[in-house]
Amino acid sequence: MPEFSTPHSVKKADTLFTESEMIRSIRFAIASEYEAIQIYEEMIENISNKDAKTIIEEIITDEKVHVGNFLQLLKILNPDEDQYYKEGYKETLELLEK
Ligand SMILES: [Fe+2]
């Protein structure tokens, strides 16, 4: 369920985000996109209306694009973090090669 007790609350802060708050808010946005995908996939599994399924599937695709948008933005704003993701990709491939 949506929760708005975060930096994304409708209540505007008195000051702008610091650099670290902005980065944290982007990470939160990425998690929110994944949460939306999860909710929409559950919806598809539990409804029978074909038109609704078609539209929700399109929205899921859009949300995956949004994940990419935010990840790229995070990479631009915090390039150091990207090295950890690359390390994880590499480590996974190495483990699977065993
Ligand atoms: Fe989205």
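**Exercise 1. Work out how the length of helix α3 compares with the span expected for it.**

Solution. Start with the count: α3 has 19 residues. Next, take the distance from its first C-alpha to its last, which is 28 Å in this predicted model. Now find the expected span: at 1.5 Å a residue, taken one time fewer than the number of residues, it comes to 27 Å. The two values are close.

**Exercise 2. Find out how many residues of α3 are buried, and then look at the chain as a whole.**

Solution. A residue needs 20 or more other C-beta atoms within 10 Å of its own to be called buried. Among the 19 residues of α3, the number that pass is zero, and the helix is hardly covered. For the chain, buried residues make up 1% of its 98 residues.

**Exercise 3. List the elements of the chain in order and say where the confidence is lowest and highest.**

Solution. Begin by counting: there are three helices and zero strands. Reading from the N terminus, the order is α-α-α. Turning to confidence, helix α3 (residues 79-97) has the lowest mean pLDDT, 94, while helix α2 (residues 50-77) has the highest, 97. Over the chain the average is 90, and 89% of the residues score at least 70.

**Exercise 4. Decide how α1 and α2 are oriented relative to each other.**

Solution. Two packed helices are described by the angle between their axes and the distance between the axes. For helix α1 (residues 19-45) and α2, the angle is about 165 degrees and the axes are 9 Å apart. An angle over 145 degrees counts as roughly antiparallel, so α1 and α2 are roughly antiparallel to each other. To finish the description, their crossing is left-handed.

**Exercise 5. Classify H66 and N69 as buried, partly exposed or exposed, and give the C-alpha distance from each to I30.**

Solution. First place the residues: H66 lies in helix α2, and N69 lies in α2 as well. Then use the neighbour counts. H66 has 17 C-beta neighbours inside 10 Å, so H66 is partly exposed. N69 has 14 such neighbours, and therefore N69 is partly exposed too.

Last come the distances. H66 and I30 are 36 residues apart along the chain, with their C-alpha atoms separated by 7.9 Å. N69 and I30 are 39 residues apart in sequence, and 9.0 Å lies between their C-alpha atoms.

Key. Residues numbered from 1 in each chain as written. Predicted model: local features only at pLDDT ≥ 70, side-chain atom pairs only at ≥ 80, totals over all residues. pLDDT = per-residue confidence, 0-100. Helix = DSSP H or I, 4+ residues; strand = E, 2+ residues; numbered from the N terminus. Expected span 1.5 Å × (residues − 1). Buried ≥ 20, exposed ≤ 12 C-beta atoms within 10 Å, placed from the backbone. Axes fitted to C-alpha atoms, helices over the stretch in contact; angles between N-to-C directions. Parallel < 35°, antiparallel > 145°, perpendicular 65-115°, else oblique. Left-handed = near helix turned anticlockwise from the far one by under 90°.
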